[in-house]
Amino acid sequence: MKAENTGWRADHLGPDYEMRYITQPDDYSGKVRCSVIRRLSAARSGKAILYVHGFSDYFLQKEMADMFVASGYDFYAVDLRKYGRSLMKGQKMFQVRDMHEYFADIDAAIDLMREEGVGEIALFGHSTGGLTTSLYMSEKPSPTIKALMLNSPFLDWNLPPLMRKAAIPAVSALGRFFPDIQVRQKPDSGYAETLSTRHGGEWDYRTEWKPDILPDPDMGWIRAIHRAQQSLRRGSVKVPVLLMHSAESVRRTDAKEKYSRADAILDVESISRYGRKLGADVTEVAFEGGLHDLALSKKEIREKMYAVMLDWLKQHDL
């Protein structure tokens, strides 16, 4: 691990937040870095949360981080390579060919946390970050990580059965040879319109890092996701898992107002079905009215989520 700078610098989230870049080895597209963000608690108990964001996203959930810090945990997050703070000029946003590429970014954050006295970590992943962290804990679990928390993890495609069983494997196979070919998606800004202050939502975030409409994925990205999901189904997470998701998903035929009270990105039934199989100790909680990112749902949902996480961590002596 080689840091780009000699220390931490102020982060745009506010005076209590700091960040630093970590230079990683060059990959197929050139130079690569990840970013680690932190807010330290006054308690410095040696216990910390490490958060990994989802697709077309970055760490922005300041209220959630503040809650953990107020509860005595140090809070760290990583903006993965080619996402958010880590984006470098000329890079293709969100580009990945194998989900294992992100393991080095998680390792870099863990190394920093250990250097700063953290002895016990609860790894926390949202959406694609939930897939990545689950795969990490299945294949390369760090002994410092004592628990895994998941917020709407991307464990299966939200597609009709024929698409999941035939089209995705076919595109995945082609992605080995033609990784840069884009796969066109039907534009849908409904989820963003429930979040952003620009559309009457509650959250103000950087749209250059979190665009309203999800970018079209390429075949290489689809191959990386598909292979990670298949690999995870053959593995097992040995630490306790907290599996959280909305109680409902949005369907194409649903009224627009449902976007404000359900998961508009993934199928919650698939999250539940595959999430319960992640390991021998899985606690599942479904939240009525929750969005895809539960931490960006309405205040009463967020507060329920916070209470669930804190209670669960205490039950597991974290």
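Visitor: What makes β7 and β8 count as paired strands, and how do they run?

Guide: In this predicted model, strand β7 (residues 120-126) is joined to β8 by 6 bridges, and the two run parallel. Pairing requires at least two bridges between the strands, so with 6 bridges β7 and β8 count as paired. One of the residues involved is L123, whose bridge partner in β8 is L148.

Visitor: Why is strand β8 described as largely enclosed?

Guide: Strand β8 covers residues 145-151, and 6 of its 7 residues are buried, so the strand is largely enclosed by the rest of the structure. Buried here means a relative accessible area under 20%.

Visitor: Which residues have the most contacts inside the largest nonpolar core?

Guide: That core has 52 residues, and L50 and M99 are those with the most contacts inside it. If residues up to four places away in sequence are left aside, L50 touches Y76, A77, V78, I106, A109, I110, M113, I121, A122, L123 and F124. There is also a second, separate core of 34 residues, which includes L13, I37, M64 and V69.

Visitor: How do you know that S56 is buried?

Guide: The relative accessible area of S56 is 2%, and since buried means under 20%, the residue is called buried. S56 is found in the loop between β5 (47-52) and α1 (62-70), where its contacts, not counting residues up to four places away in sequence, are Y83, F94, W209, K210, P211, L214 and P215.

Visitor: What makes D27 and K82 a salt bridge?

Guide: The closest N and O atoms of D27 and K82 are 2.8 Å apart, and the rule asks for a side-chain nitrogen of Lys or Arg within 4 Å of a carboxyl oxygen of Asp or Glu, so the pair qualifies. It links distant parts of the chain, because D27 is in strand β3 (residues 14-27) while K82 is in the loop between β6 (74-79) and α2 (103-115), 55 residues apart. K82 is buried, with a relative accessible area of 0%. As a general point, side chains of opposite charge can pair when their charged atoms come close.

Visitor: Why are D212 and R198 called partly exposed?

Guide: D212 has 22% relative accessibility and R198 has 46%, and because partly exposed covers what lies between under 20% and over 50%, the term fits each of them. Their side chains meet in a salt bridge of 2.6 Å, N to O.

Visitor: How many residues apart are K299 and E303, and what does that spacing amount to in helix α8?

Guide: K299 and E303 are 4 residues apart in helix α8 (residues 299-315), which means that about one helical turn separates them. Their side chains meet in a salt bridge of 3.4 Å, N to O, and that value is within the 4 Å limit. By this rule the count comes to 27 salt bridges, and D16, R39, K62 and D66 are linked in a network of them.

Visitor: Why does F177 count as exposed?

Guide: F177 has 58% relative accessibility, and exposed means over 50%, so the residue meets that condition. F177 lies in the loop between α4 (161-175) and α5 (190-195). Together with L174, F178 and I181, F177 forms a nonpolar patch on the surface, and the accessible area of these residues together is about 400 Å².

Key:
Residues numbered from 1 in each chain as written. Predicted model: local features only at pLDDT ≥ 70, side-chain atom pairs only at ≥ 80, totals over all residues. Heavy atoms only, no water. Patch = residues over 30% accessible without salt bridge, like charges linked within 9 Å, V, L, I, M, F, W, Y side chains within 5 Å. Areas by Shrake-Rupley, 256 points an atom, 1.4 Å probe, with all protein chains shown as cover. Buried < 20%, exposed > 50% of the residue type's maximum accessible area, 1.4 Å probe, protein only. Core = buried A, V, L, I, M, F, W, Y, C linked by side-chain atoms within 4.5 Å. Contact = heavy atoms within 4.5 Å.
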